[in-house]
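Me: Got a minute to walk through this one with me? I'll ask in whatever order things come to mind.

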Amino acid sequence: NSEANTRRIAIVESCFGSSGQQLLVPGRVLVGEGVLTKMCRKRPKPRQFFLFNDILVYGNIVIGKKKYNKQHLIPLEEVQLQGLEDNGQYRNGWLIRTTTKSFAVYAATSTEKQEWMAHINKCIEDLLRKSGKKPVVTHAAVWVPDSEANICMHCKKTQFTMLIRRHHCRNCGAVVCGPCSSKKYLLPGQSAKPVRVCLDCYDQLSSMKTEQTKSAVVNNNKSNNLGDSSGEDDSDDEQEESKEVHDEPKFYGDDKPEK
């Protein structure tokens, strides 16, 4: 019911504290919540996810079920899911693609994967149907994890060390060295300023038509306002995190928002 929904959202807000954004707004319903393993830049890490009927929220786990930080808000209107095949230790995963950032997440079981994907897709479909909007077709590239590239994926020569650091192309997600990513290009869906891209992508992007660049920047303003509240997603790589026993995700059925 609406009272239970309001209470749940208020609890989520309190767990993020003053560092989080306001989540309790008219018409918003908390559909489900649970822990998923997110593939970050350096290694996979547990993250607490909250699915609402219009946004997907996730954050770092400081104290399980009590305190979270590094809050990120993703408008569901721009989300597209893509299932992943099991690969070694990485099982029950799927991609969450958005205009500004795309990444892989993994559930503890195949059943949980199916539940999460079904609920997220239903929320997206309902939202698009009510708004009359079409699905977003352009999404940010998924970054290749640092651990999967010991040498530059562009020149195939430069070996990464403590002094020679890795960089990511914002257009294709490849791990490249500094000289092979010395160019910047405006990707309106990701940033209002030019961002680092590899030389191959720079050449390809430079040759493409940019007739809709201006309108794309305008359309992106909305997603920027709802974007990551903590800047770069993996800036917390060295932060100590809570260790907890896995709990199954909770989905709250067909609760209706308060009118």
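Me: Where does L163 sit?
Reply: L163 is in the loop between α2 and β8. Bear in mind that this is a predicted model.

Me: Buried or exposed, that L163?
Reply: Exposed. Its relative accessible area is 81%, and the cut-off for exposed is over 50%.

Me: Which residues form the nonpolar patch on the surface?
Reply: M162, L163 and I164. Together they have about 420 Å² of accessible area.

Me: And K156, where is that?
Reply: K156 also lies in the loop between α2 and β8. Its phi is positive, near 65°, and it is a residue other than glycine. Most residues other than glycine have a negative phi.

Me: How accessible is K156?
Reply: K156 has a relative accessible area of 57%, so it is exposed.

Me: What about K65, what's its phi?
Reply: About 65°, positive, and K65 is not a glycine. It is found in the loop between β3 and β4. K65 counts as exposed because its relative accessibility is 54%.

Me: Switching to helices. How many residues does α2 have?
Reply: α2 has 22, covering residues 110–131. From first C-alpha to last it reaches 32 Å, close to the 32 Å expected at 1.5 Å a residue.

Me: What follows α2?
Reply: G132, with a positive phi near 80°.

Me: Which residues of α2 are buried?
Reply: E112, K113, W116, M117, I120, C123, I124, D126, L127 and L128. The list includes charged-type names such as E112, K113 and D126.

Me: What do those buried residues pack against?
Reply: Strands β1, β2, β5, β6 and β12.

Me: Any reason the buried positions are spaced like that?
Reply: An α-helix has 3.6 residues a turn, so residues three or four places apart point the same way.

Me: OK, the core. How many residues are in the largest nonpolar one?
Reply: It has 22. Those with the most contacts inside it are F49, L51, L76, W94, I96 and I120.

Me: Which elements give two or more residues to it?
Reply: β1, β2, β3, β6, β7 and α2. The largest share, seven residues, comes from α2.

Me: What is I96 in contact with, sequence neighbours aside?
Reply: Leaving out those within four places in sequence, F49, L56, V79, Q80, L81, K101, S102, F103 and V105.

Me: What's in the second core?
Reply: That separate core has 17 residues, including V144, V176, C180 and L205.

Terms used
Residues are numbered from 1 along each chain as its sequence is written. This is a predicted model: local features need pLDDT of at least 70, side-chain atom pairs count only at pLDDT 80 or more; totals for chains, interfaces and linings use all residues. Side-chain values use heavy atoms; hydrogens and water are left out. Helices (H or I, at least four residues) and strands (E, at least two) are DSSP runs, numbered from the N terminus. The expected span of a helix is 1.5 Å times one less than its number of residues. Buried means under 20% relative accessible area, exposed over 50%, partly exposed in between (1.4 Å probe, protein chains only). Contact means heavy atoms within 4.5 Å. A nonpolar core is a set of buried Ala, Val, Leu, Ile, Met, Phe, Trp, Tyr and Cys residues joined through side-chain atoms within 4.5 Å. Patches are made of residues with over 30% relative accessible area and no salt bridge: like charges are joined within 9 Å, nonpolar side chains (Val, Leu, Ile, Met, Phe, Trp, Tyr) within 5 Å. Accessible areas come from the Shrake-Rupley method with a 1.4 Å probe; for residues, only the protein chains shown count as cover. A salt bridge is a side-chain nitrogen of Lys or Arg within 4 Å of a carboxyl oxygen of Asp or Glu.
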